[in-house]
Amino acid sequence: MPAGEAESTVARQFVADQKAHAIPSLSAIYKELQAPGIQAFLICVAGPDRGRGMPVGAEPVTIGRGAHNVFQVHDPGASVTQAQIVWEDGRLFVRDCMSKNGTFVNNARVEQAELSNCDVIAFGDTRILVAMG
């Protein structure tokens, strides 16, 4: 920029996201993981349900837009039943439920994948962080 010429900037007014939930602290999540029977915690870190989470025990957890799901999301990019989280032989898996746009783990499209601590499950605008104790 030549000397003496003013820099032009584009300012954007901040608009608060009134629908977003506060994301629980890591200490709150790890406290949940200490509860009997809880083996993992799913926390939505992006998308319309940001901040919502739930503990995962031995029972399968279905995720999707439909009210029948254990973890219902409000993402128009999600299928009615998007995916299922299941424990098998002491290992945690995510299975795509034949969703239209796919389920991704750490940016790779999967039909089924074993999950580890800090993996990210993605579909539509939703990103779900997996925390394991």
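Biologist: Which residue in β9 stands opposite Val94, and what makes β6 and β9 a pair of strands?
Modeller: Val94 faces Ala113 in β9, and four bridges in the antiparallel sense link β6 to β9. Two strands count as paired if DSSP finds at least two bridges between them, so with four bridges β6 and β9 qualify. The model is a predicted one, in which local features need pLDDT of at least 70 and side-chain atom pairs count only at pLDDT 80 or more, while totals for chains, interfaces and linings use all residues. Residues are numbered from 1 along each chain as its sequence is written, and side-chain values use heavy atoms, with hydrogens and water left out.

Biologist: How many bridges join β5 to β6, and which residues of β6 stand opposite Ala83 and Gln84?
Modeller: β5 and β6 run antiparallel and are joined by six bridges; within this pair, Ala83 stands opposite Asp96, and Gln84 stands opposite Arg95. The hairpin of β5 and β6 has two residues between the strands, and there Asp89 takes a positive phi near 50°.

Biologist: Why are β4 and β9 called edge strands?
Modeller: The open sheet in question has five strands in the order β4-β3-β5-β6-β9, with mixed pairing. β4 (71–72) and β9 each have a single partner strand, so one side of each lacks a neighbour in the sheet.

Biologist: What is the strand order of the six-stranded open sheet, and which strands are at its edges?
Modeller: The order is β2-β1-β11-β10-β7-β8, and the pairing is antiparallel. β2 and β8 (108–110) pair on one side only, which places them at the edges. From one strand to the next, the twist averages 30°. Within this order, β7 (residues 103–105) and β10 share two bridges, and Phe104 has Ala122 in β10 as its bridge partner.

Biologist: What is the count of helices and strands in the chain, and where does helix α1 lie?
Modeller: There are one helix and eleven strands, and the helix comes ahead of the strands when the elements are read from the N terminus. Helices (H or I, at least four residues) and strands (E, at least two) are DSSP runs, numbered from the N terminus. Helix α1 (residues 26–33) lies across β1, β2 and β11 and runs at about 150° to β1, the angle being taken between N-to-C directions on a scale from 0 to 180 degrees, with axes fitted to C-alpha atoms, for helices over the stretch in contact.

Biologist: Why is Cys44 called buried, and what makes Cys97 a different case?
Modeller: Buried means under 20% relative accessible area, exposed over 50%, and partly exposed in between (1.4 Å probe, protein chains only). Cys44 is at 0% and therefore counts as buried, whereas Cys97, at 29%, is partly exposed. The structure holds zero disulfides, that is, no pair of cysteine sulfur atoms within 2.5 Å. Of the 133 residues of the chain, 36% count as buried.

Biologist: Which residues touch the most other members of the largest nonpolar core, and what makes a set of residues such a core?
Modeller: Leu42, Ile63, Phe71, Ile85 and Val94 do so among its 24 residues. The name applies to buried Ala, Val, Leu, Ile, Met, Phe, Trp, Tyr and Cys residues joined through side-chain atoms within 4.5 Å. The elements giving two or more residues to this core include β1 (40–46), β3 (61–64), β5 (83–88) and β6 (91–96). A second, separate core has five residues, among them Ile29, Phe41, Ile43 and Ala131. Leaving aside neighbours within four places in sequence, Ile63 is in contact (heavy atoms within 4.5 Å) with residues including Leu42, Phe71, Ile85 and Phe123.

Biologist: How do you know that the side chain of Thr62 makes a polar contact with that of Asn69?
Modeller: A polar contact is a pair of N or O atoms within 3.5 Å; within protein, one must be able to donate a hydrogen and the other to accept it, and residues adjacent in sequence count only if both atoms are side-chain atoms. The pair between the side chains of Thr62 and Asn69 is at 3.2 Å, so the distance falls inside that limit. A polar atom of the Thr62 side chain also lies 3.2 Å from the backbone nitrogen of Val70. Thr62 itself is found in strand β3.

Biologist: Where is Met98, and is Met98 buried or exposed?
Modeller: Met98 is in the loop between β6 and β7 and, at 79% relative accessibility, counts as exposed. Its phi is positive, about 55°, although Met98 is not a glycine. Most residues other than glycine have a negative phi. Asn106, in the loop between β7 and β8, likewise has a positive phi, near 50°, and is partly exposed at 42%.
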